[in-house]
Amino acid sequence: SFVTASETIVSKIPLSEVEKKTAGQSFFRCHKSYLINLRHIRRIDYAAVTMDNGDVVPLSKYKRKELLETYAKFLGVGG
C-alpha cells in the first residue's frame with residue numbers, strides 16, 4: 001500500500017521496485033516494509049518515524065544512523 005496525502009493505494013508492485021524508481025529523490029527505506037518521503041517527516045525517534053499525517057512508521061535499528069545522516073543532508077544541516 002502507498003499512503004499519500006489524500007488516499008491509500010493498494011498495489012502489488014514490490015517495494016524494491018518502487019525504491020529503484022524513486023532513487024535520487026526524497027525517499028528513504030527506513031525498514032524492510034517501509035519507504036518514506038523525507039519531505040513528510042515530522043519526528044524521528046529511536047525506533048520509529050512520525051510522518052506529518054500522524055502515521056508512525058517503524059525504523060530499523062540498522063537504518064537509524066543512515067536515516068539521520070540522509071535527513072540532515074536533505075535539510076542542508078551540517079557537513
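Lys 20 and Glu 17 form a salt bridge, with their closest N and O atoms 3.6 Å apart. Keep in mind that this is a predicted model. The lysine and its partner sit 3 residues apart in helix H1 (residues 15-21), so about one helical turn separates Lys 20 from Glu 17. From here, the tour takes in the other charged pairs, then the nonpolar core, an aromatic pair, a surface patch and a histidine.

**Salt bridges**

- The count of salt bridges comes to 4.
- In the helix H1 pair, Lys 20 is exposed, because its relative accessibility of 59% is over the 50% cut-off.
- Its partner Glu 17 has a relative accessibility of 30% and counts as partly exposed.
- Asp 45 forms a salt bridge with Arg 43, and here the closest N and O atoms are 2.6 Å apart.
- Asp 45 is partly exposed, at 25% relative accessibility.
- Glu 66 and Lys 63 also meet through their side chains in a salt bridge, at 3.7 Å from N to O.
- Both ends of that bridge are partly exposed: Glu 66 has a relative accessibility of 39%, and Lys 63 has one of 25%.
- As background, side chains of opposite charge can pair when their charged atoms come close.

**The nonpolar core**

- The largest nonpolar core has 11 residues in all, among them Phe 28, Cys 30, Ile 36, Leu 38 and Ile 41.
- Val 49, Met 51, Val 57, Leu 59, Leu 67 and Tyr 71 also belong to this core.
- Three elements, S3, strand S6 (48-51) and H2, each give two or more residues to the core.
- Ile 36 is a good residue to click on: leaving aside residues up to four places away in sequence, Ile 36 touches Ser 26, Phe 27, Phe 28, Cys 30, Ile 41, Val 49, Met 51 and Val 57.
- In soluble globular proteins, nonpolar side chains tend to be buried together.

**The aromatic pair in helix H2**

- The structure holds 1 aromatic pair.
- This pair is Tyr 71 with Phe 74, and it counts as stacked because the ring centres are 6.2 Å apart and the planes meet at 15 degrees, where under 30 degrees is the cut-off for stacking.
- Tyr 71 and Phe 74 are 3 residues apart in helix H2, so about one helical turn lies between them.
- The two rings differ in their exposure class: Tyr 71 is buried at 16% relative accessibility, whereas Phe 74 is partly exposed at 32%.
- Tyr 71 is also a member of the largest nonpolar core.

**A nonpolar patch on the surface**

- Phe 74, Leu 75 and Val 77 make a nonpolar surface patch of about 260 Å².
- Phe 74 lies in helix H2, which covers residues 64-75.
- Phe 74 thus takes part both in this patch and in the stacked pair with Tyr 71.

**His 31 and its neighbours**

- His 31 is found in strand S3, which covers residues 27-31.
- With a relative accessibility of 22%, His 31 counts as partly exposed, because the cut-off for buried is under 20%.
- His 31 touches Pro 58 and Ser 60, when residues up to four places away in sequence are not counted.
- His 31 and Val 57 are 26 residues apart in sequence, and their C-alpha atoms are 8.4 Å apart in space.
- Val 57 is itself one of the residues of the largest nonpolar core and is touched by Ile 36.

Note on methods:
Residues numbered from 1 in each chain as written. Predicted model: local features only at pLDDT ≥ 70, side-chain atom pairs only at ≥ 80, totals over all residues. Heavy atoms only, no water. Patch = residues over 30% accessible without salt bridge, like charges linked within 9 Å, V, L, I, M, F, W, Y side chains within 5 Å. Areas by Shrake-Rupley, 256 points an atom, 1.4 Å probe, with all protein chains shown as cover. Helix = DSSP H or I, 4+ residues; strand = E, 2+ residues; numbered from the N terminus. Buried < 20%, exposed > 50% of the residue type's maximum accessible area, 1.4 Å probe, protein only. Contact = heavy atoms within 4.5 Å. Core = buried A, V, L, I, M, F, W, Y, C linked by side-chain atoms within 4.5 Å. Phe/Tyr/Trp six-rings, centres within 6.5 Å; stacked < 30°, edge-to-face > 60°.
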